[in-house]
Amino acid sequence: MKIAVVLPPGCHFSLSQPNSMETVVRTLAQGDRDAEVRIFCCDSDNDHGDLPVQVLPGRKKRMAALEQALEDFQPDVIEFHQQLKQAVRVARRFPRATRFLYRHNALKSPGNLLDKWRYERRFKQMDGLIFVSEAGRRDFLNDFPSQEQKTYAVPNPIDVDLWHAPVENREQVIAFAGRAMAEKGVDLICAALPAVLDRHPDWRAVLMLNDWETRGDWAEPHIAPLARYGERVTVMKSAPLAEVRAVMQKAAIALTPSTWAEPLGLTALEAHAAGAALVSSGRGGLREASGPHALYVDDLTPEDLQAAIETLIADPAQRLAMARAAQDYVTRVHTPKSRAHQLRQLREQVAQQKGLQRSA
């Protein structure tokens, strides 16, 4: 089976500085080496790794180049990641292929009946709609219940071997990795940390903030009050993945206090795999990511986030047990091999259904 994975404009499929979508695509492709997979993406100075890649030009020439490249490849399955409009435009050219829209976060809810009708028309070009969690799938069906028969959930995998580190003898570090935006709870973290750091002078914090180039102006005022702690607070701006991983492999506590419904929460999986104990908001798919192995904060205030961090600082035995159980959980549940197998079965199932419908 030939699989075309089409990333949205702006995705470079970079090995050294991937976004979370690219990480998921890479991990799933590496988990199933039997399929003939080709990634269609923007150029990134040949920093694509060892997977087959079709580089596309930018802007006006992109769509024509993509359609020609797909024509040359003749895929059995086309997975359009994230962007619905691109998917619909290209899918019309390839009616015999099995076409999926693969969403890594929620689609915008329709504002009125006309918007809903437009969405429904676009979905007709898709043979399947894949979401990265059951929570994401349920949210979608709240808006579009008529699409239930062709919606599926394939939770994100994590390459545990890449992230794995011993849970014992961790550094007294509180770590956060994510985009520098309110939806990720960055302002809450910055408001909660002073009380924690004042009470525990032997602890420090590392904030690894992505998209700093576009989000830094918003984040800077929230981070500024932490400057008085000097070297006890480190801010890493759009750091390479290897540096993020190295911090998580040493940190005792990690934070994912997202205020929005996370599609699944790859950073939560990474923290678990790396051996950190996790404080989480549990929003969206975060509870699917962590199961019972995170300390959840239901009321997202700086005071409640501070209290959760204090709970783990005060009880090293609980912290260790939680980290160990979580690492075992993601190793069993979220492996690339099992998720890739799940995705392969889904592709084959929908392709077979489409073949039967065409024959009928």
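Ala, Val, Leu, Ile, Met, Phe, Trp, Tyr, Cys and Pro count as nonpolar, Asp, Glu, Lys and Arg as charged, and the others, Gly among them, as polar. The model here is predicted, so to speak only of what it holds: local features need pLDDT of at least 70, side-chain atom pairs count only at pLDDT 80 or more, and totals for chains, interfaces and linings use all residues. Residues are numbered from 1 along each chain as its sequence is written, and side-chain values use heavy atoms, with hydrogens and water left out.

**Exercise 1.** Work out what lines the largest pocket (on a 1 Å grid over the protein atoms alone, an open set of points where a 1.4 Å probe fits, with protein on both sides within 12 Å along at least five of seven lines; lining residues have an atom within 4 Å of a point).

*Solution.*
1. Start with the space: about 1100 Å³, as filled by probe spheres set on the points, which are joined across faces, edges and corners.
2. Now the lining: 41 residues, with Pro-18, Asn-19, Ser-20, Arg-179 and Asn-210 nearest the centre.
3. Helix H1 (20-31) gives the most, five residues; helices are DSSP runs of H or I, at least four residues, numbered from the N terminus.
4. Sort by class: 15 nonpolar, 18 polar and eight charged.

**Exercise 2.** Do likewise for the second largest pocket.

*Solution.*
1. Its space comes to about 300 Å³.
2. Among its 20 lining residues, Leu-15, Thr-23, Arg-26, Leu-162 and Leu-241 lie nearest the centre.
3. H1 again has the largest share, five residues.
4. The classes split into eight nonpolar, six polar and six charged.

How values were computed: Helix = DSSP H or I, 4+ residues; strand = E, 2+ residues; numbered from the N terminus.
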